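Visitor: Please take me through one part of this protein slowly, beginning with a single loop and working outwards. I work at the bench, so explain the terms as you go.

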Amino acid sequence: MSKKIRIAVDAMGGDYAPTEVVHGAVDAIKEHDNITVILVGDRDAIKKELAQYEYHQEQIEIVHTTEVITCEEAPVEAIRKKKDSSLIVALKMVKKGEADAVISAGSTGAVLVGGQVIAGKIRGIKRAPLATVIPTMKGVSLLIDCGANVDARADHLVQFAQMGSIYMESVIGIKNPKVSLVNIGAEEAKGNALVKEVYPKLKELDTINFTGNIEPRDIFAGETNVVLCEAFVGNVILKLAEGLSGTLIGAIKDGMMSSTRTKIGGLLVKPALKDTLKMFDASEYGGAPLLGLNGLVVKMHGNSKAKEVRIAIGQCVTFMEQGINDKIRDQLGRK
């Protein structure tokens, strides 16, 4: 029998912790019999939530902690002071080999800093990018970096492109994924100093399928598989998309309820519209992995509920089963 995958979950991180986190963990073990979920946080609070469910108790463990890192705290200071926080204890479990992965909906800054400082980068990896799957008209693409390195250099983006390609091929199942560099135009000569410097480096790289620049308006049409950029641009793209989709959905619903005629029309198109909107629902895609670390760290939205937790745990299972870190080490690591 193969070794079980051990996933540490920050049970106290996020807007709906521990209720939704525990719920998601219970749902996940019903889907995956090859995992052990380690809920890290206040034991009494976790046990109170678990008491509501029937589940295979051997698949869930509790590690008690007494502190929680909040989003209002400075990440570096919180990591230094709150040694017994749920996030830090979970990250240390990965460092010690007691867990294969960590999932958290807590402080983004603490997850990013803690992941790189505590779990540590694979030898040879210069920066660890945050990568998130985004919906498109042709399926999904990977946006990398979407939040970890706002001051990235050209050689960092080259590694991001390679890691993004490995992830899309091994986790999502897209053979020879297309990699495109976010720019203000399709022409090679356009852009700021960073993109002008990295473009020729990507062209020369024989380990990726580089297709040139992509303008932001073409990203959600599904014109590429890996959307490559530094974190400032990536985070703006991500948050603009989230805000715009929420606004459009709200406007559509208001329009359908504006008169008797539109209400009738709304009932007729509701089934098709529901399926279409589901494609662009961020909660369908779990969390964002921090690639290039020893172990796996996955950051979920702060408002994640049980479904996102369940899907993020499933991401970890696929990541480990596909040996993503071994593939990154083989291609990018330094002996």
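**Around one loop**

Guide: Asn176 sits in the loop between H6 and S7. Helices (H or I, at least four residues) and strands (E, at least two) are DSSP runs, numbered from the N terminus. This is a predicted model, in which local features need pLDDT of at least 70 and side-chain atom pairs count only at pLDDT 80 or more, while totals for chains, interfaces and linings use all residues. Residues are numbered from 1 along each chain as its sequence is written, and side-chain values use heavy atoms, with hydrogens and water left out.

Let's stay with the backbone for a moment. Asn176 has a phi near 50 degrees, which is positive although the residue is not glycine. There is another backbone detail at the other end of H6: Asp145 belongs to the loop between S6 and H6, and the peptide bond leading from Ile144 to Asp145 is cis, with omega near 5 degrees.

Now for the sheet that S7 belongs to. Its 5 strands are ordered S5-S6-S9-S7-S8, and the sheet is open, with mixed pairing. At its edges are S5 (131–136) and S8 (209–214), each of which pairs on one side only. From strand to neighbouring strand the average turn is 30 degrees, ignoring direction. Two strands count as paired if DSSP finds at least two bridges between them. S7 (residues 178–182) and S8 are joined by 4 bridges in the parallel sense, and Val179 is found opposite Phe210 of S8.

Helices cover this sheet too. H6 (residues 154–172) packs on it and touches S5, S6 (139–144), S7 and S9 (226–228), with a direction about 150 degrees from that of S6. Contact here means heavy atoms within 4.5 Å. For angles, axes are lines fitted to C-alpha atoms, for helices over the stretch in contact, and the values run from 0 to 180 degrees between N-to-C directions. H9 (residues 231–256) also lies across the sheet, over S5, S6 and S7, at about 145 degrees to S6.

H6 has a helix partner as well. Its axis and that of H12 (residues 324–332) come within 10 Å and cross at roughly 140 degrees. H6 and H12 are therefore oblique to each other; angles under 35 degrees count as roughly parallel, over 145 as roughly antiparallel, 65 to 115 as roughly perpendicular and the rest as oblique. H6 passes H12 in a right-handed crossing. A crossing is right-handed if the near helix is turned clockwise from the far one by less than a right angle, and left-handed if anticlockwise. On the H6 side, the contact uses Gln159, Gln162, Met163, Ile166, Ser170 and Val171, and on the H12 side Ile324, Lys327, Ile328, Gln331 and Leu332. Sorted by class, these are 6 nonpolar, 4 polar and 1 charged residues. Ala, Val, Leu, Ile, Met, Phe, Trp, Tyr, Cys and Pro count as nonpolar, Asp, Glu, Lys and Arg as charged, and the others, Gly among them, as polar.

For context, the chain also has an open sheet of 6 strands, ordered S3-S2-S1-S4-S11-S10 with mixed pairing. S3 (60–64) and S10 (288–290) are at its edges with a single partner strand each, so one side of each has no neighbour in the sheet. Its twist averages 25 degrees from one strand to the next. Within it, S4 (residues 101–104) and S11 (residues 296–299) pair in the parallel sense over 4 bridges, and Ala101 has Leu296 of S11 as its bridge partner. H11 packs on this sheet, touching S1, S2, S4, S10 and S11, in a direction about 145 degrees from that of S1.

A last word on confidence, which pLDDT gives for each residue on a scale from 0 to 100. The protein chain has a mean pLDDT of 91, and 94% of its residues reach 70 or more. S9, a strand of the sheet we started with, has the highest confidence in the chain, at 98, whereas H10 (residues 260–279) has the lowest, at a mean of 70. Where pLDDT is low, the predicted coordinates should not be read in detail.

Terms used
pLDDT = per-residue confidence, 0-100.
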